[in-house]
Amino acid sequence: MADAIVDIVGPEDLPLIVQLYNQIFRPPRDLESFRRRFRGRYNILHLVARLGDRPVGFFLGFELKPTVFFAWFYGVAPEFRRQGIASQLMDAVHAWARENDYNSIRFECHNQHRPMLHLAIALGYDIVGIRWDPDRGDNLVLFEKALSG
């Protein structure tokens, strides 16, 4: 089990997160597409997971509504998966959301991203629906977890 350091970073670190995103996901996105997504959003949270000095994972999220925080993207570089880093990122998000008075966290996941589906279930997320993603031509599974304590 890796012992990643998870830090809250600011918008100045978004280029690093975009670089990590493009190592993990397809199609690639540019910096401006992330900035557009964040326009008008509240409580934007950027996290970077590091092993030593090496960035190996990230999280991006924002307020969906006053009591619900939306986990927009989690990602861990392929060579660092199955070491608990995604769980550490999720734990950090849960702690931050509780501290900032959110009642629940919601995220969406494509059905083919099986490790993330398994992790969500293992961490107590409920499946609350599905929605069609016209950009990918596929369904997204909607997850939500109530934050207690």
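Two strands pair if DSSP finds at least two bridges between them. The exercises below use this definition on a predicted model.

**The neighbours of β4**

Task. Find the bridge partner of Phe70 in β5, and state in which sense β4 and β5 pair.

Solution. Start with the pairing of the strands: β4 (68–76) and β5 (104–110) are joined by four bridges, and the sense is parallel. Next, look at single residues. Phe69 lies opposite Ile105 of β5. Phe70 has Arg106 as its bridge partner in β5.

Now turn to β3 (54–65). β3 and β4 pair over eight bridges, in the antiparallel sense. One of the residues to look at here is Gly61, whose bridge partner in β4 is Ala71. β3 and β4 make a hairpin, and two residues lie between them.

Last, check how covered the strands are. Buried means under 20% relative accessible area. By that cut-off, nine of the nine residues of β4 are buried. In β5, five of the seven residues are buried. Both strands are thus described as mostly covered.

**From β1 to β3 through β2**

Task. Trace the pairing from β1 to β2 and on from β2 to β3, and state how many residues of β2 are buried.

Solution. Begin at β1, which covers residues 5–9 and pairs with β2 over five bridges in the antiparallel sense. Ile5 has Arg50 of β2 as its bridge partner.

Move on to the next pair. β2 and β3 run antiparallel and are joined by seven bridges. Arg50 appears again here, standing opposite Pro55 in β3. Between β2 and β3 is a hairpin with two residues in the turn region, and Gly52 in the turn has a positive phi of about 65°.

Then count the buried residues of β2 (residues 45–51): five of the seven are buried, so the strand is largely enclosed by the rest of the structure.

**Three residues and their surroundings**

Task. Decide whether Leu14, Pro55 and Ser33 are buried, partly exposed or exposed, and describe what surrounds each.

Solution. The cut-offs are under 20% for buried and over 50% for exposed, with partly exposed in between.

- Leu14 belongs to helix α1. Its relative accessible area is 4%, so Leu14 is buried. Neighbours within four places in sequence aside, Leu14 contacts Leu31, Phe34, Arg35, Phe38, His46 and Leu60. Leu60 is 46 residues away along the chain, and the two C-alpha atoms are 9.5 Å apart.
- Pro55 belongs to strand β3. Its relative accessibility is 23%, so Pro55 counts as partly exposed. With residues up to four places away left out, Pro55 touches Leu16, Leu20, Val48, Ala49 and Arg50. The C-alpha atom of Pro55 is 9.4 Å from that of Ala4, which lies 51 residues away along the chain.
- Ser33 belongs to helix α2 (residues 31–38). At 13% relative accessible area, Ser33 is buried. The Ser33 side chain comes to 2.7 Å from the backbone oxygen of Asp30.

**Backbone details in the loops**

Task. Locate the cis peptide bond that leads to Pro27, and say whether Arg82 and Asp101 are buried or exposed.

Solution. First, the bond from Arg26 to Pro27 is cis, with omega near -5°. Pro27 sits in the loop between α1 and α2.

Second, Arg82 is not a glycine, yet its phi is positive, near 65°. Arg82 sits in the loop between β4 and α3. With 85% relative accessibility, Arg82 is exposed.

Third, Asp101 also is not a glycine and has a positive phi, about 65°. Asp101 sits in the loop between α3 and β5. With a relative accessible area of 63%, Asp101 is exposed.

**The largest pocket**

Task. Describe the largest pocket by its volume, its lining residues and the element that gives the most to the lining.

Solution. The volume comes first: the largest pocket holds about 1,300 Å³ of space. Its lining has 44 residues, and those nearest the centre are Phe25, Phe73, Tyr74, Glu108 and His113. Elements giving two or more residues to the lining include α1 (14–24), α3 (85–99), α4 (114–122), β6 (126–133) and β7 (138–146). β4 contributes the most, with seven residues.

To finish, sort the lining by residue type: 23 residues are nonpolar, eight are polar and 13 are charged.

Conventions: Residues numbered from 1 in each chain as written. Predicted model: local features only at pLDDT ≥ 70, side-chain atom pairs only at ≥ 80, totals over all residues. Heavy atoms only, no water. 1 Å grid on protein atoms, 1.4 Å probe; cavity = no way out; pocket = protein on both sides within 12 Å on 5 of 7 lines; lining within 4 Å. Points joined across faces, edges and corners; volume = space filled by probe spheres on them. Nonpolar A, V, L, I, M, F, W, Y, C, P; charged D, E, K, R; others polar. Buried < 20%, exposed > 50% of the residue type's maximum accessible area, 1.4 Å probe, protein only. Polar contact = N/O pair within 3.5 Å; in protein donor to acceptor, adjacent residues only side chain to side chain. Contact = heavy atoms within 4.5 Å.
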